[in-house]
2 protein chains.
Amino acid sequence: MNPLSATPRTALGRLPERSSADRAVLYEILDAALICHLGVVIDGSPRVIPTGYGRLDDTLYLHGSSGAASLRHGPSRDVCVTVTHLDGIVVARSLFHHSINYRSAIVYGTPSVLTGDEKLTGLRAITEQLAPGQWDTARRPTRKELAATTVLALPLAEASVKIRRGPPGDDAEDLALDAWAGVVPVRQTFAAPIPDPTLRPGIEAPPHITSRTRS
Amino acid sequence: MNPLSATPRTALGRLPERSSADRAVLYEILDAALICHLGVVIDGSPRVIPTGYGRLDDTLYLHGSSGAASLRHGPSRDVCVTVTHLDGIVVARSLFHHSINYRSAIVYGTPSVLTGDEKLTGLRAITEQLAPGQWDTARRPTRKELAATTVLALPLAEASVKIRRGPPGDDAEDLALDAWAGVVPVRQTFAAPIPDPTLRPGIEAPPHITSRTRS
């Protein structure tokens, strides 16, 4: 796999030791999250919205209602997609060295609007990111539903990865202080599935749903 | 409390039933999260970065290294701060109605750079958001550390709240399908604190740290 090459936007001015040029790490971060934060510029102002996404090879897929302002302004214009895993609260002896442990990926680019089979490929990737196994279980979209949905493809051509892990980085002279220091790990977990109140009796949650809670 | 009044940026074109104009709901969403996603425009392109923040009354506080590009471009320019809680994966009988349950707040505005006592007030709010109880426990910042940190204040004047909760919204004609439908709840949890390897023997994690894991 090609390494991630730095551009003026992705080159990290600060704390370059926290960056990774490894494309496999980028994939790991993208594949493990459920939502991203999509940044667009509308009338000169930034707008950041949480939304679902998917990845297949070197393409990131986004979707939304065909009427959504964020997507109307997105195609053929620059967007920024950020995916963040919050892994821990870094508690230091000094307030200055308090921090967070995290893994984040930032992707820049100009998305294109997909049609036909490519649109279905994108929708499948987005569905399987959020709810693996559902593409082959739930009812596929009708022509009308497809028309109501815009699917965008963003090449993973300009991206950066930033990771902080491990204990706090207190100054040597602070190690003698009486204050506790360490990390409080933060986890994202799944609780037991809640059936839809209108679910017909006798329909159990399938293994691809129940297995998430155990993971 | 004043309700949140709509502006062209905060008025929700789509799914207005998911919005809330209740300022107390805005506070709840902001106070319950650990990080936000900060959007800025740099050379015409959007940039979205995960970062810590804090809130006190109607002010949102942000901070970062005085050298960070996102903050150099932030003051006296528009920013967008988005806070998102992912609450569940909404599994529908149709792919079209798959969704996420979430609570999100989006704040727009032009931040100002704080100095003196206001800067300390902002730092305290940011610290207490991430690690409540640490402001009175850890070593306070030195003059040099303060100089290395930029603290911004963003008024909670232009903000919107969007919430989705509850079961999937399948079409009536799909209720007869055999597919399972419901919600997989998503939770953010804390694991047992991991002491810093250089922690001096005999220093136990204080209650304000250990209590998080139990919550």
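Biologist: Hi! How many residue pairs are in polar contact between chain A and chain B?
Modeller: Hi! This is a predicted model, and the count between chain A and chain B is 35 residue pairs, with both residues at pLDDT 80 or more.

Biologist: Nice. Which elements give two or more residues to the side of chain A that touches chain B?
Modeller: In chain A they are strands S2 (36-42), S3 (45-51), S6 (79-91), S7 (99-109), S11 (182-190) and S12 (194-195), together with helices H3 (116-130) and H5 (207-214).

Biologist: And where does the largest share of that side come from?
Modeller: From S11(A), which supplies nine residues.

Biologist: How many residues does the contact take from each chain?
Modeller: Chain A gives 86 residues and chain B gives 86 residues.

Biologist: What about the area buried between the two chains?
Modeller: About 7100 Å² is buried between chain A and chain B, and carbon and sulfur atoms give 66% of that.

Biologist: OK, salt bridges next. How many does the rule find across the interface?
Modeller: Eight salt bridges cross between chain A and chain B. One to look at is A:Arg93 with B:Asp196, whose side chains meet at 2.9 Å, N to O.

Biologist: And what is the count over all chains?
Modeller: By this rule there are 22 salt bridges over all chains. Within chain A, the side chains of A:Asp87 and A:Arg103 form one at 2.7 Å, N to O. That pair links distant parts of the chain, with A:Asp87 in strand S6 and A:Arg103 in strand S7, 16 residues apart.

Biologist: Changing topic: what turn and shift lay chain A on chain B?
Modeller: A turn of 180° and a shift of 0.0 Å along the axis do it, with an RMSD of 0.0 Å. That is the relation of a two-fold axis.

Biologist: Which residue of chain A comes closest to the axis?
Modeller: A:Gln188 does, with its C-alpha at 2.4 Å from the rotation axis.

Biologist: Why do you say the copies meet through the same surface?
Modeller: Because 100% of the interface residues of chain A are also interface residues in chain B.

Biologist: Last topic, rings. How many aromatic pairs does the structure hold?
Modeller: Zero, over all chains.

Biologist: Then what lies over the face of A:Tyr27?
Modeller: A:Arg55 does, at 3.8 Å from the ring centre. In chain B, B:Arg55 lies over the face of B:Tyr27, at 3.8 Å from the ring centre.

How values were computed: Residues numbered from 1 in each chain as written. Chains lettered and ligands numbered in written order. Predicted model: local features only at pLDDT ≥ 70, side-chain atom pairs only at ≥ 80, totals over all residues. Heavy atoms only, no water. Phe/Tyr/Trp six-rings, centres within 6.5 Å; stacked < 30°, edge-to-face > 60°. Lys NZ or Arg CZ within 6 Å of the ring centre and 35° of its normal. Least-squares fit on C-alpha atoms with pLDDT ≥ 70 in both. Contact = heavy atoms within 4.5 Å. Buried area = accessible area lost by both parts, 1.4 Å probe. Salt bridge = Lys/Arg side-chain N within 4 Å of Asp/Glu carboxyl O. Polar contact = N/O pair within 3.5 Å; in protein donor to acceptor, adjacent residues only side chain to side chain. Helix = DSSP H or I, 4+ residues; strand = E, 2+ residues; numbered from the N terminus.
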